[in-house]
Amino acid sequence: MMKTPRVLFLLVGAWSLLVTCSVLHARVAYPQVTCQPEWHASASGKFRLFVDPTNPLGKGDAHYRMLEGEREVWKSTRHYTLHDVAVADDGSVAGWAYLSGRFSTGNCLLVLLAPDGSERRIEAHEQARRDWVCASDGLPACHGISLSRQSPYVVFGMECSRVRNDRQEEYAEWWVFDCATGSERARFRPDDKLDFPPDSMVIFSRPLFAVPGLDLLLSQSFWHVTNSHQKGRKISLFDLEGACVWSLELPYGSWDASPSSDEGSFAFVEKKTGAVRTYKVTRAGKAWTVQESIANGPVPTCEPSAPAPASHRGVFAGAPLDAVELRLIGEVRFQTDADEAEDDLDSIGDFVIDGDDRFGFIGRRAGGDAPRALIRVTPAGTIDKELPLELLELEEPRGTHAAWIDGDRWLVLAAGDWKTPSAKAWIADLERGAAQPIEQFAAAHVEHALASASGEFWVVTSQSMEFTIRDELAGFDAEGRRKWAQHNAYGNAVLGSSPEGIVRARTGEVVALINISNKLQFFDGTGALAKTIDLDESVGRKPNYLAGIASHGVEGFLLLDFNAPEPILHVDESGKLLHAWNPKYKDGREIEFAGRMACDSKGTIWVSDARSLIALDANGIEAKVLKCGKTRTSPRGIREVAYDSRGWCHVLSETQRSVHIYDEAGTAKHRWMLPHEEFGREDDPRQIAIDRSLQVHVGRKNYDRKPSTSYFRFDESGQSLEVRTMPYGLGGIGEAWHFRLGDDRIWVEVIDAVRLVAENGSALASIRRSERNRWFEDITTVAVAPNGSLAILGHDGLGLCYLSWYDAAGNPIGGWELPSRFHAFESAFDGRFFACANYQGGVVLVDTSTRTARYFEPIPRAANAKERMFFPHFPAAGGELWLFDGAELRTLKYELPK
């Protein structure tokens, strides 16, 4: 019988719960990044313990305060932070802690405290750091605590490991201690006492709770059989010596367990139907009897008579906000490009060059609701022919591929899904404007396609299977009949892993680029593997990440080496490197061509930045541009918007790597291209901020080297003045600057804190907790008022958005809880009103003076409408709310409530 890997343990961590009743207090820890200040109550509510960590990860000291009713019994500061706590009705405490926090090495402590706060037992267990891709927590050694008044015992559910059959396995152990003395009573492995199907993988048996009035622990284990869909849940009862006295199989994930208010009873409720199963446990001598009765209705539970003090909750918690209509008092439309052609293409996708050096690709015309089409562009850059994909009778023409056959004939394929052979194929004739389906074609999800003048074609497909993805390279005749196929899964696999494209060699062989092993595989007309070229050896260096291949018009192939200093490699058919380029415009900026590349019959390499087709010279520099895509200088791909004290609007375009400035009347004043030396391929513009001197700061996020954030300062004409790194040693991911107009102080936002620093970088204040004293776990947005006060909207681990506002020195003033359904995108604050917008075009307006909140939609959103993002702003004169509408390039002005 196989035991659980850590990954599966984490996947079920979400169902862990806190259960309290008149005879029992049980708590099972669940994955949680932040260790928040918490009250922990005993079963009856007689005793309450407050644990206040000094660190959000729960490492180091914590402050403790024990109350009996309202009387303080004891308080202290200890060198450990209890992450999970159970309080008995006599005031005893059981809990566990990580000395170095949840993500570090160090001792895991099991702690038993007497009613007066003295330590009855502290047991330390050294834990090595464990890093797993899907781990959201530090994998605590203890994953559950059960504490009962029936007998003075506590049970820790522990994660342990052992070596079995020359491999390390992980399993559950339950450690039983006497609360009154701190001595160990028993230690056993519950999984070893249960029967599971052969070849099962078992997720730790967890102690859910003790049966009220009995010395029995109820546990549950999830299991599934390897290489099978068979899975289930086992419910079991254990005594304190580790003997299993009863067990029951239930459907996987269909029931929730709860102790009953009746002594010796527990219940399960079926999630879908609400049906309740109640069980009564009795004992005759040494034998236990469990009887079942089935009823409908709510699950019987028992609430504590005196619950722990509730945290602050706003009146709108979990409920929709009332709608409000703000009066529209003005609109400013920004100047756009007058020369934008209505028939330009929306964008240029992956393109193919035919025998007459014409460009073909799947795209659509710009503007309106133009359908997707197979489009051909002449060597002069004009649209020659187009065939709407509507003629193919596709319900959703996405994931389509096009390959040139000959003359005006093209092969068009609809990719299909990942699990069934649902791809479709057509022969499209651009001259006649018609398409004929290839009826006999059948294949899984199509990734790449290639066709020949004879009509035969080849495709690379991917199919999702139970434990892997099967890639296949297959050849078809002109009628769509499969001639041969090679795959890379199971059995006699020939095709290498992760094929990233196919081309034809001059000898007629089909050549596949294999990403995982950096190889070229050549297949002859029968599908047999003719030869393999190791590109690591032939190129002379290890490529970074080979992600595409195209035929060179004269010799060999073009390879896309993604994210490499020179991403286009030209190799001959032996794989020898002939040349390498980093495509650039004439002004030195790198061309972001996203793998869109091909070669014409003369050997000229063409790339596309989605708006233009660009020919490269022998040095990889722009030699000729066909502006057949939508060419505009108005901003698109808007990342952020900032208004200065004059009401001028500054728009940061991430796509164009530029800043667009409009005056208060909407007239375009400046358009700066960000310097390509600082904002290259791996340096994304992330934030824009304006200081008191009207100088503009644009933040750069770098991912190529060590992640860092720098700010570039520009004067009003766009002249670069200096580079400024984050002050106070805040380098890392997620920082943003919020200037306070009129002084030299800056609020700096990081992932889980906001710090006030002087312009010279000296630290002035730090805000790490919300207004209700809970650690910030994920700050959603920060907004600063002209007087230096600020508002912070963040998630606090309870699935809620909580707004806190502070004065200019960082002292908390108040807070408000927003509905959990609302996800903020951008925000603004004027000292009284806070406005935040989401991706669906909705705006929440909070009046912090009256603690009221309203929701409105400036433009009612249709059911199938695209995302619409508003950027809110409060002008310095006050009384108004401005919303920048990026879809229409305008500012909407509303009157604020009095």
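Which residue in S48 is the bridge partner of Ile614? The partner is Val625. This pair belongs to a predicted model, and the points below cover its strands, a nonpolar core, salt bridges and some loop residues. The structure holds 41 salt bridges, and its largest nonpolar core has 18 residues.

**Hairpin S47–S48**

- Strand S47 covers residues 613-616 and strand S48 covers residues 622-626.
- The two strands run antiparallel and are joined by four bridges, one of which pairs Ile614 with Val625.
- Together S47 and S48 make a hairpin, with five residues between them.
- Within the turn, Gly620 has a positive phi of about 80°.

**Four-stranded sheet S29–S32**

- Four strands form an open sheet in the order S29-S30-S31-S32, and their pairing is antiparallel.
- The edges are strand S29 (400-406) and strand S32 (434-437); each has a single partner strand, so one side of each has no neighbour in the sheet.
- From one strand to the next, the twist averages 25°.
- S29 and strand S30 (residues 409-414) run antiparallel and are joined by six bridges.
- Asp406 is placed opposite Arg409 of S30.

**Largest nonpolar core**

- Of the 18 residues in this core, Leu793, Leu803, Leu818 and Phe834 have the most contacts inside it.
- Two or more core residues come from each of strand S62 (790-795), strand S63 (801-806), strand S64 (812-818), strand S66 (833-837), strand S67 (843-847) and strand S68 (852-856).
- S63 gives the largest share, three residues.
- Apart from neighbours within four places in sequence, the contacts of Leu803 are Ala791, Ile792, Leu793, Gly814, Gly815, Trp816, Phe834 and Val846.

**Arg48 and its partners**

- Arg48 lies in strand S5 (residues 47-53) and is buried, with a relative accessible area of 8%.
- A salt bridge links Arg48 to Glu70, with the closest N and O atoms 3.0 Å apart.
- Glu70 sits in the loop between strand S6 (62-68) and strand S7 (71-78), while Arg48 is in strand S5, so their salt bridge ties together parts that are 22 residues apart in sequence.
- The C-alpha atoms of Arg48 and Glu70 are separated by 9.2 Å.
- Unlike buried Arg48, Glu70 is exposed, with a relative accessible area of 69%.
- A polar atom of the Arg48 side chain also lies 2.2 Å from the backbone oxygen of Gly69.

**Other salt bridges**

- Arg769 and Asp52 meet through their side chains in a salt bridge, at 2.9 Å from N to O.
- Arg769 is in the loop between strand S60 (763-767) and strand S61 (778-784) and Asp52 is in strand S5, so this pair ties together parts that are 717 residues apart in sequence.
- Arg769 and Asp52 are both buried.
- A further salt bridge joins the side chains of Arg358 and Asp356, at 3.2 Å from N to O.
- Arg358 counts as buried at 14% relative accessibility, whereas Asp356 is exposed, with a relative accessible area of 52%.
- Through shared partners, salt bridges connect Asp354, Asp356, Arg358, Arg376, Asp384 and Asp408 into one network.

**Loop residues**

- Ala594 is not a glycine, yet it has a positive phi of about 50°.
- The loop that holds Ala594 runs between strand S44 (577-581) and strand S45 (597-599), and Ala594 is exposed, with a relative accessible area of 64%.
- Arg851 is also a residue other than glycine with a positive phi, near 50°.
- Arg851 belongs to the loop between S67 and S68 and is partly exposed, with a relative accessible area of 36%.
- S67 and S68 are among the strands that give two or more residues to the largest nonpolar core.
- Leu214 is found in the loop between strand S16 (200-210) and strand S17 (216-225).
- With 16% relative accessibility, Leu214 counts as buried, because the limit for buried is under 20%.
- Leu214 and Asp239 are 25 residues apart along the chain, and their C-alpha atoms are separated by 9.1 Å.

Technical notes. Residues numbered from 1 in each chain as written. Predicted model: local features only at pLDDT ≥ 70, side-chain atom pairs only at ≥ 80, totals over all residues. Heavy atoms only, no water. Pairing = 2+ DSSP bridges. Axes fitted to C-alpha atoms, helices over the stretch in contact; angles between N-to-C directions. Buried < 20%, exposed > 50% of the residue type's maximum accessible area, 1.4 Å probe, protein only. Polar contact = N/O pair within 3.5 Å; in protein donor to acceptor, adjacent residues only side chain to side chain. Core = buried A, V, L, I, M, F, W, Y, C linked by side-chain atoms within 4.5 Å. Contact = heavy atoms within 4.5 Å. Salt bridge = Lys/Arg side-chain N within 4 Å of Asp/Glu carboxyl O.
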